[in-house]
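Work through the following exercises with the sequence and the coordinates open beside you. Each task is followed by a solution that goes step by step.

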Amino acid sequence: MKERVARLKAIRKLIKTKKIESQESLLGFLEQENFAVTQATLSRDLKLLKVGKVPDGNDGYVYSLPGEEEERLESEQTVIQDFLRGYISIDYSGNMVVIKTYSGHADAVCLAVDSLAFDEILGTITGRDNCVFCCLREGVNGEDFIDSLKLRIPELDD
């Protein structure tokens, strides 16, 4: 019984801290945590925990605990507001995007971009206090990124 309680706790923690898209991937994480679990047992555990799948904000779905979707949406709205409060303009050249920010807002804007977890972004770097650099993945250009950004943040000015 102790094993089951510990396993359920581990499943909750993994779902809260990682983007898990499938039972196979969750099984892998559980193995890393030293839990030997069959797929059937995992299915029963997920049902017991009332785990569901919710959109990940891109084109996939991830596991979510009850009540977590509302928290995620609320958190995403806060992140979007941080971005909108801090940015001045966005420009790009090739696969590099520069987001100019009000003085002292670069960290908040960069954190917002990172938190929104755009698939198009390879990585971000903040300037001293008034710009964010985003390096885009191979084959993605600045226009593609700005289109994705506007889908996630419709209030974004052109």
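**Exercise 1.** Determine whether K50 is buried or exposed, and describe its backbone setting.

*Solution.* Begin with the relative accessible area of K50, which is 65% in this predicted model. The cut-off for the exposed class is over 50%, so K50 counts as exposed. Next, place the residue along the chain: K50 sits in the loop that links α3 to β1 (52-55). Finally, read the backbone torsion, where K50 shows a positive phi of about 60 degrees although it is not a glycine. As background, most residues other than glycine have a negative phi.

**Exercise 2.** Carry out the analysis for N34, asking in which loop it is found.

*Solution.* N34 belongs to the loop between α2 (23-32) and α3 (39-48). Its phi is near 70 degrees, a positive value in a residue other than glycine. With a relative accessible area of 72%, N34 is exposed.

**Exercise 3.** State the order of the elements in the protein chain, and decide whether the chain is spread out or compact by the globule rule.

*Solution.* Count the elements first: there are 6 helices and 6 strands. Read from the N terminus, they follow the order α-α-α-β-β-α-β-β-α-β-β-α. The radius of gyration is 19 Å, whereas the globule rule gives 15 Å for 158 residues, and because the former is well over the latter, the protein chain is more spread out than a compact globule. Along the principal axes, the C-alpha atoms fill a box of roughly 55 × 30 × 25 Å. To complete the description, 39% of the 158 residues count as buried, and the accessible surface comes to about 9700 Å², of which 51% belongs to carbon and sulfur atoms.

**Exercise 4.** Identify which residues have the most contacts inside the largest nonpolar core, and which elements give two or more residues to it.

*Solution.* The largest nonpolar core has 24 residues, and those with the most contacts inside it are F83, I90, I99, F145 and L149. Two or more residues each come from α4 (68-86), β3 (87-93), β4 (96-101), α5 (106-115), β6 (131-136) and α6 (142-152). The largest share, 5 residues, is supplied by α5. Taking I90 as a worked case, and setting aside residues up to four places away in sequence, one finds that I90 touches F83, V97, V98, I99, I146, L149 and L156. Apart from this core lies another, of 17 residues, including I15, I20, Y63 and L65.

**Exercise 5.** For K100 and A117, find which residues each is in contact with beyond its neighbours within four places in sequence.

*Solution.* Start with K100, which lies in strand β4 and, at 47% relative accessibility, counts as partly exposed. Beyond its sequence neighbours, K100 is in contact with G86, Y87, I88, S89, N130 and C131. The C-alpha atoms of K100 and Y87 are separated by 6.0 Å, although the two residues are 13 residues apart along the chain.

Turn then to A117, in the loop between α5 and β5 (121-126), which at 30% relative accessibility also counts as partly exposed. Its contacts, with sequence neighbours again left aside, are K19 and N58. From A117 to D56 the C-alpha distance is 9.3 Å, while the separation in sequence is 61 residues. For the chain as a whole, among contacts between residues at least 6 apart in sequence, 52% join residues at least 24 apart.

Conventions:
Residues are numbered from 1 along each chain as its sequence is written. This is a predicted model: local features need pLDDT of at least 70, side-chain atom pairs count only at pLDDT 80 or more; totals for chains, interfaces and linings use all residues. Side-chain values use heavy atoms; hydrogens and water are left out. Helices (H or I, at least four residues) and strands (E, at least two) are DSSP runs, numbered from the N terminus. The radius of gyration is taken over C-alpha atoms; the globule rule is 2.2 Å times the number of residues to the power 0.38. Buried means under 20% relative accessible area, exposed over 50%, partly exposed in between (1.4 Å probe, protein chains only). Contact means heavy atoms within 4.5 Å. Accessible areas come from the Shrake-Rupley method with a 1.4 Å probe; for residues, only the protein chains shown count as cover. A nonpolar core is a set of buried Ala, Val, Leu, Ile, Met, Phe, Trp, Tyr and Cys residues joined through side-chain atoms within 4.5 Å.
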